[in-house]
Amino acid sequence: MFARLSTYQGSPVPAEGDLVAHSEEIVRQVQDAPGFRGVYYLVDRATGEAKSLTLWEDERSMQESEELAHRIREETARREGQQVVAVQHFEVGFSHLEP
């Protein structure tokens with residue numbers, strides 16, 4: 001499995017701020033990409049830093065999704081008043097998620 005980690009910077013997010021307002025739309029855009037396995041969106045409300053982690057079946061699937069991922073990142077950042085500050089790629093050494 002492979003992962004793409006995108007880092008965003010924006011304004012701090014108020015405690016009552018909605019973090020999932022556009023989540024279904026974002027997932028819908030990427031879930032049909034070949035090799036897509038999952039996504040996490042992480043937010044530090046105090047600093048406004050956010051990260052999205054997408055998981056891919058293999059490196060090729062991740063690479064082939066780059067154009068789609070770039071478009072989604074830019075649209076999401078613009079809508080949320082953020083800037084994309086980094087995009088990194090990793091091989092997943094292991095994962096574990098409790099049921």
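Visitor: Is Glu-66 buried, partly exposed or exposed?

Guide: Glu-66 is partly exposed, at a relative accessible area of 25%. Here buried means under 20% relative accessible area, exposed means over 50%, and partly exposed lies in between, using a 1.4 Å probe and protein chains only. Do keep in mind that this is a predicted model, where local features need pLDDT of at least 70, side-chain atom pairs count only at pLDDT 80 or more, and totals for chains, interfaces and linings use all residues. Residues are numbered from 1 along each chain as its sequence is written, and side-chain values use heavy atoms, with hydrogens and water left out.

Visitor: Which residue forms a salt bridge with Glu-66?

Guide: The general idea is that side chains of opposite charge can pair when their charged atoms come close. A salt bridge is counted when a side-chain nitrogen of Lys or Arg is within 4 Å of a carboxyl oxygen of Asp or Glu. In this structure Glu-66 pairs with Arg-4, and their closest N and O atoms are 3.1 Å apart. Glu-66 belongs to helix α3 (residues 66-80) and Arg-4 to strand β1 (residues 2-9), so the salt bridge ties together parts that are 62 residues apart in sequence. Helices (H or I, at least four residues) and strands (E, at least two) are DSSP runs, numbered from the N terminus.

Visitor: And Arg-4, is that residue buried or exposed?

Guide: Arg-4 counts as buried, with 2% relative accessibility.

Visitor: How many salt bridges are there in the whole structure?

Guide: The search finds 7. One of them joins the side chains of Glu-25 and Arg-79, at 3.8 Å from N to O. Glu-25 sits in helix α1 (residues 23-30) and Arg-79 in helix α3, so this pair ties together parts 54 residues apart in sequence. Glu-25 is partly exposed at 32% relative accessibility, and Arg-79 is partly exposed at 35%.

Visitor: Which salt bridge has both partners in helix α3, 4 residues apart?

Guide: Look at Arg-71 and Glu-75: both lie in α3, about one turn of the helix from each other. Their side chains meet in a salt bridge of 3.5 Å, N to O. Arg-71 is partly exposed at 39% relative accessibility, and Glu-75 is partly exposed at 29%. Elsewhere, salt bridges that share partners link Glu-25, Arg-79 and Glu-80 into one network.

Visitor: Now the sheet: in what order do the strands lie?

Guide: Two strands pair if DSSP finds at least two bridges between them. Here 4 strands form an open sheet in the order β2-β3-β1-β4, with antiparallel pairing. The edge strands, β2 (36-44) and β4, each pair on one side only. On average, neighbouring strands are turned by 15 degrees against each other, direction ignored. Between β2 and strand β3 (residues 49-56) there are 8 bridges, and Val-39 stands opposite Thr-54 in β3.

Visitor: Which strands does α3 lie across?

Guide: Helix α3 lies across β1 and β4, and runs at about 25 degrees to β1. Axes are lines fitted to C-alpha atoms, for helices over the stretch in contact, and angles run from 0 to 180 degrees between N-to-C directions.

Visitor: Which residues is Ala-86 in contact with, leaving aside neighbours within four places in sequence?

Guide: Contact means heavy atoms within 4.5 Å. Ala-86, found in strand β4 (residues 83-91), is in contact with Leu-5, Ser-6 and Thr-7. Ala-86 is partly exposed, with a relative accessible area of 27%.
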